[in-house]
Amino acid sequence: MALTNQYMQEKLQEKFGDLVSNFEESYGLLSFEATAANNLKVLQFLYDEPSLQFQFLTDLCGVNFPDDAGREISVVYHLHNLTENIRLRFKIFVPVAAPDVFTSCNLFSSANWMERETYDFYGVNFVGHPNLKRILNVDEMDYFPLRKEYPLEDQTRIDKDDEMFGRG
Amino acid sequence: MEEDNHKILKDMLAHQQHHITLPEGSIEKQTTTLNVGPTHPATHGVFQNIMELDGERIVSTEQTVGYIHRAFEKLAERRPLYQITPITDRLNYCSSPINNMGWHLTCEKFLGVQTPKRVDYLRVIIMELARISDHLICNSIVGVDTGAYTGFLYVMQYRELIYEIYEEVCGSRLTTNIGRIGGFERNFTNTAFEKLEKFLKEYPKVLKEFENLFARNRIFMERTIGGGAISAERALNYGFTGPNLRAAGVDYDVRVHQPYSSYQDFDFTIPVGKTGDNYDRFLVRNQEMWQSLSIIEQAYKKVQAFKGADAEIFHADVPEYYLPKKEDVYTKMESLIWHFKIVMGEVEMPKGEIYNAVEGGNGELGFYLVSDGGRTPFRLHFRRPCFIYYQAYPELITGGMLSDAIVTMSSLNLIAGELDA
């Protein structure tokens, strides 16, 4: 039997009950949320359970929702079951004041740099990571640039002198 | 006499020690530290590796990446969708059209835009040309690093033909910004098709000759077989995709597993290797070029089958995202409004999130787009294949020779622009 989104949802709810929530399907991809403390258990279950077998970590990245108090930082995992050819999106949310998430390096070697990248840009502290330091930015940087509190220059501002740009 | 020498040496050392302070433990150390990069003549791109060598064997290595990081993901948060295309050019710049179209396909899927078949086929032609040019560079560079420069210079002429086709279609060569959301900015000219025909006619002979130069070449085989090998299991765990994963024996190809741009209409096979070493990677890329050629031929036939008005279709009807014709902007109110809204970036996107992937030159190129209903993405993340698989490099080269490490690096098809985003 081909693996379906509905089956995956039932299986996860059966195993984790209230710990997993917010199931939704967008563009055919099942997406759900788990509590941050249980991310490893969910990943391990998805990896080991014979009928699920999500053993390929496609992508791991962070997202910042500054207005969502207590859930400002999100870590998003995209998993892929290559034999059944079905994808899954799994999210956890942590407060920006204590962005602690367990590392998935022991499960996926590929998570190492992706977690370092997420740390680099969002400051997510991956607990247990073997080498959690900046990867793309300089080591001396003391802020996490992809957080929404650092806006790019506003291109609609009016206080710029047009003369400097050959206009006006 | 011997004692005298000893004394001289001792004096010299004592003298030196006044001027030079060596790092602690460096005299007793049995291994050599070698800094390869960031801009080393043997690495093609900006990669730094601090290697610990025992003679010529690599004991360990520490990679540094990020030298050409350009904050693409941050930049994308302030740009309307169509302005993000030029950013994608600069990821894997050996096959920019695939990135451009991957991005357009993501936007189209997100916005629910249906593209006409002719657009799909034209895109397939360009994407497969890009794949050939990407693999061509990679394979010929592997040749250069094993001491065969001729192949590289020879095939460069034929990459030029591909670039001329790009130029005819979109006006630029390397960072192409080719196409728009919904299709192409203009129809392919007859010159473009003539150039494509010329390429299809001349290239197979060249590829055959290139293959003959390397595939059974004793020196090449001995340099590449067994070097940088990885098992299928480890490759999957390291998130390998593309030719590197297929060389290890896993037949995963986004074009087949999640067909986009009508790839399901084409007949092609996925070449796989066995050992995942440098030689298998070379062979897989080589076979893929033959497959790409066959796909281009099929697509060209399909494109030629469109007659009359159908042969003039080169974009979908999406006024919100596809710039209207310039003469319409000057004469029609509707077009003027859309033109203004698009140029000023005033088109609002639906809310939602999407992950969409295409088979890039070196693996699964994914776009994770989160939209809060604004004019620009709330968050855009690029799944850059070589950033993910470059992690495996230390495991691939440890215990091997330094010169093999260089070949391994080229055969992984690492593109610094993509690695560092």
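What follows walks through a predicted model of two chains, A and B, starting with chain A, moving on to chain B and ending with the contact between them.

Chain A is a mix of helices and strands, three of the former and seven of the latter. Going along the sequence, these elements come in the order α-β-β-α-β-β-β-β-α-β. The chain has 168 residues, and 40% of them count as buried. As for how far contacts reach along the sequence, take the pairs in chain A that are at least 6 residues apart: 48% of those contacts join residues at least 24 apart.

Strand 5 of chain A, residues 86-94, is a good place to look in more detail. This strand is mostly covered, with eight of its nine residues buried. Strand 5 pairs with strand 2 (residues 29-34) of chain A, where the two run parallel and are joined by five bridges. One pair to look for here is Ala34(A), which sits opposite Ile92(A) of strand 5. Strand 5 also pairs with strand 4 (residues 73-81) of chain A, this time in the antiparallel sense and over nine bridges. In that pairing, Ser74(A) has Phe93(A) of strand 5 as its bridge partner. Strands 4 and 5 of chain A form a hairpin with four residues between the strands, and Asn85(A) in this hairpin takes a positive phi near 55 degrees.

Backbone angles of that sort are worth a short aside. Most residues other than glycine have a negative phi. Asn22(A) is another non-glycine residue with a positive value, its phi being near 50 degrees. Asn22(A) belongs to strand 1 (residues 20-26) of chain A. It counts as exposed because just 10 C-beta neighbours fall inside 10 Å, and the cut-off for that class is 12 or fewer. Over in chain B, Ala71(B) also has a positive phi, about 55 degrees, despite not being a glycine. Ala71(B) is found in the loop between strand 3 and helix 2 (72-76) of chain B. With 16 other C-beta atoms within 10 Å, Ala71(B) is partly exposed.

Chain B itself splits into two domains, domain 1 covering 2-64 and domain 2 covering 72-420. Their C-alpha centres are 42 Å apart. The two domains do touch, though: 13 residues of domain 1 are in contact with 16 residues of domain 2. On the domain 1 side of this contact, strand 3 (residues 57-64) of chain B gives the most, with five residues. By class, that side has five nonpolar, six polar and two charged residues.

Strand 3 of chain B is also part of an open sheet of three strands, ordered 1-2-3 and paired antiparallel. Strand 1 (32-36) and strand 3 are the edge strands, each pairing on one side only. On average, and with direction ignored, neighbouring strands of this sheet are turned by 20 degrees against each other. Strand 3 pairs with strand 2 (residues 48-54) of chain B over seven bridges, in the antiparallel sense. Within chain B, Met51(B) stands opposite Thr61(B) of strand 3.

Further along chain B there is a helix pair to inspect. The axes of helix 4 (residues 96-111) and helix 5 (residues 117-145) of chain B come within 7 Å and cross at roughly 140 degrees. That angle is why helix 4 of chain B counts as oblique to helix 5 of chain B, since roughly antiparallel would take an angle over 145. Helix 4 of chain B brings Pro97(B), Ile98(B) and Met101(B) to the contact, where they meet Arg123(B), Ile126(B), Met127(B), Ala130(B) and Arg131(B) of helix 5. Sorted by class, the residues of this contact are six nonpolar and two charged, with no polar ones.

That leaves the contact between the chains. Here 26 residues of chain A are in contact with 32 residues of chain B. On the chain A side, strand 3 (56-64) and helix 3 (111-122) each supply at least two residues. Strand 3 of chain A gives the most to this side, with six residues. The side of chain A that touches chain B is made up of 15 nonpolar, nine polar and two charged residues.

How values were computed:
Residues numbered from 1 in each chain as written. Chains lettered and ligands numbered in written order. Predicted model: local features only at pLDDT ≥ 70, side-chain atom pairs only at ≥ 80, totals over all residues. Contact = placed C-beta atoms within 7 Å. Nonpolar A, V, L, I, M, F, W, Y, C, P; charged D, E, K, R; others polar. Buried ≥ 20, exposed ≤ 12 C-beta atoms within 10 Å, placed from the backbone. Domains from an automatic or database assignment. Pairing = 2+ DSSP bridges. Axes fitted to C-alpha atoms, helices over the stretch in contact; angles between N-to-C directions. Parallel < 35°, antiparallel > 145°, perpendicular 65-115°, else oblique.
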